[in-house]
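Me: I'm new to this structure and would love a close look at one part of it. Could you walk me through the largest pocket and what lines it, after a short word on the protein around it?

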Amino acid sequence: MKRAISFAVLLIAASLKISAQEVVQNNVKPVENALGQVTKLEPVSFNYDKAWAEKLKLSAKPQYGFVGVDAKAAVPGIVSVQSKDYSSGKNAFKSATITKVDYESLIPLLVASIKEQQQQIEALQRELKTLKSQNTK
């Protein structure tokens, strides 16, 4: 009986074998001028208006982020406008728009800007080392 169960489990496992295939990324290019884009962003703290937060099921607690229109001016690719429906009576709905920042898409820009800053720091360190060695002569 044990062999029959083991064989059945093996047969099921073999039939459920799923092969994964990697999705190809096209047009891969390094991010340029990330620091210039990121420095245009102005971090803020805010909270949504309590009445709108209730209507649209948003958190009324203080949050950190960016003013949507300002972020769109600085880095257009990370901002989208979403429409949310809310109840305006029995079987009646209205729609409101919310500007949303895609913080996950911001991460590669932050990494690229850190790398740009690191290059600047290393260049300044080399320059400082050269100046110090000239002064000791």
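**A look at the largest pocket**

Reply: Happy to! Keep in mind that this is a predicted model. Let's begin with the setting: the protein has five helices and four strands. Read from the N terminus on, these elements follow the order α-α-β-α-β-α-β-β-α. Of the 137 residues in the protein, 17% count as buried. The accessible surface comes to about 11800 Å², and carbon and sulfur atoms hold 56% of that area. As for contacts with a separation of 6 or more, 46% of them are made by residues 24 or more positions apart.

Now to the part you asked about. The largest pocket holds about 280 Å³ of space. It is lined by 16 residues, and those closest to its centre are Phe46, Tyr48, Phe66, Gly68 and Thr99. If you would like to find the lining in the 3D view, look for strand 1 (43–46), strand 2 (63–66), helix 4 (68–74) and strand 4 (92–101), the elements that each give two or more residues to it. Strand 4 provides the largest share of the lining, with four residues.

What kinds of residues make up this lining? Ten are nonpolar, four are polar and two are charged. Among the residues closest to the pocket's centre, Phe46 falls within the range of strand 1 (43–46), and Phe66 within that of strand 2 (63–66). Gly68 belongs to the stretch of helix 4 (68–74), while Thr99 lies in the stretch of strand 4 (92–101).

Technical notes. Residues numbered from 1 in each chain as written. Predicted model: local features only at pLDDT ≥ 70, side-chain atom pairs only at ≥ 80, totals over all residues. Heavy atoms only, no water. 1 Å grid on protein atoms, 1.4 Å probe; cavity = no way out; pocket = protein on both sides within 12 Å on 5 of 7 lines; lining within 4 Å. Points joined across faces, edges and corners; volume = space filled by probe spheres on them. Nonpolar A, V, L, I, M, F, W, Y, C, P; charged D, E, K, R; others polar. Buried < 20%, exposed > 50% of the residue type's maximum accessible area, 1.4 Å probe, protein only. Contact = heavy atoms within 4.5 Å. Areas by Shrake-Rupley, 256 points an atom, 1.4 Å probe, with all protein chains shown as cover.
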